[in-house]
Amino acid sequence: MDGEEIVYIGQTNSLLLRWQAHHKLKECKALENPRIAWIEISDTTLVLDIEAALIEWFKPSLNKHGWRETKLSLNKHGWRETKKRYQIMLTKTASVELDKVSEELETSRSELIEKAIRQGLFRQVKLEPSEMTDD
């Protein structure tokens, strides 16, 4: 929130982890009077619907892509596919680079990763034996 205005709506299992690596952190730090508010939802089957309803109602400025574009997509067979939230860990360097590219392409970090996976770009990456870990 910026004062009383809701500027971003999202979901997480951990507020601390979410904000340590949030893709909107830079924008939030630039707010005049930033605040975080949250609701706890015990029935996890309702989380996506509640988030969608809140985004649709408040139309937060930092949720620029809208619910339907970011939560539902068409798979290769043309069927609607619901996206689930997963957490990945990145180094600071990789995170900064991901932010730069997503900003240049005017898309979110998650949409950029999704497109790279769907286009097979990760299959082109070759790891050296010294880079492979159990993480």
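Hi everyone, let's start with one side chain: at 47% relative accessibility, Phe-122 counts as partly exposed. Before I go on, please keep in mind that this is a predicted model. Phe-122 is found in the segment after helix 6, which covers residues 109-118. It has company there, as Ile-117, Phe-122, Val-125 and Leu-127 together form a nonpolar patch on the surface. The accessible area of those four adds up to about 390 Å².

Now let me step back to the whole chain. The protein has 135 residues, and 24% of them are buried. Its secondary structure comes to six helices and two strands. Reading from the N terminus, the order is α-α-α-α-β-β-α-α. The protein exposes about 11,200 Å², with carbon and sulfur atoms supplying 55% of that area. For those of you who like contact statistics, take the contacts between residues at least 6 apart in sequence: 52% of them join residues at least 24 apart.

A nice place to see the chain come back to itself is Pro-60. This proline lies in the loop between helix 3 (47-58) and helix 4 (67-71). Is Pro-60 buried or exposed? Pro-60 counts as buried, because its relative accessibility is 5% and the cut-off for buried is under 20%. What does Pro-60 touch, leaving out residues up to four places away in sequence? The list is Ile-6, Val-7, Tyr-8, Ile-9 and Ile-55. Ile-6 is 54 residues from Pro-60 along the chain, yet their C-alpha atoms are separated by 5.8 Å.

Next, helix packing. Two packed helices are described by the angle between their axes and the distance between the axes. Here the pair to look at is helix 5, residues 92-104, and helix 6: their axes come within 9 Å and cross at roughly 90 degrees. That makes helix 5 roughly perpendicular to helix 6. On the helix 5 side, the contact is made by Ser-95, Leu-98, Asp-99, Val-101 and Ser-102. Helix 6 brings Arg-109, Leu-112 and Ile-113.

Two of those names return in the charge pairs, my last topic. Side chains of opposite charge can pair when their charged atoms come close. How many salt bridges does the structure hold? There are three.

Let me begin with Arg-109 and Asp-99, whose closest N and O atoms are 2.9 Å apart. This pair links distant parts of the chain, with Arg-109 in helix 6 and Asp-99 in helix 5, ten residues apart. Arg-109 is buried, with a relative accessible area of 11%, whereas Asp-99 is partly exposed at 28%.

Another salt bridge stays within helix 6. The side chains of Arg-118 and Glu-114 meet at 2.7 Å, N to O, and the two residues sit four apart, about one turn of the helix. Both count as partly exposed, Arg-118 at 47% relative accessibility and Glu-114 at 22%.

The remaining one I'd like to show joins Glu-4 and Arg-35, at 3.5 Å from N to O. These two are 31 residues apart: Glu-4 is in the segment before helix 1 (15-20), and Arg-35 is in the loop between helix 2 (25-29) and helix 3. Glu-4 is exposed, with a relative accessible area of 67%, and Arg-35 is partly exposed at 37%.

That's my tour, thanks for listening!

Terms used. Residues are numbered from 1 along each chain as its sequence is written. This is a predicted model: local features need pLDDT of at least 70, side-chain atom pairs count only at pLDDT 80 or more; totals for chains, interfaces and linings use all residues. Side-chain values use heavy atoms; hydrogens and water are left out. Patches are made of residues with over 30% relative accessible area and no salt bridge: like charges are joined within 9 Å, nonpolar side chains (Val, Leu, Ile, Met, Phe, Trp, Tyr) within 5 Å. Accessible areas come from the Shrake-Rupley method with a 1.4 Å probe; for residues, only the protein chains shown count as cover. Buried means under 20% relative accessible area, exposed over 50%, partly exposed in between (1.4 Å probe, protein chains only). Contact means heavy atoms within 4.5 Å. Axes are lines fitted to C-alpha atoms, for helices over the stretch in contact, and angles run from 0 to 180 degrees between N-to-C directions. Angles under 35 degrees count as roughly parallel, over 145 as roughly antiparallel, 65 to 115 as roughly perpendicular and the rest as oblique.
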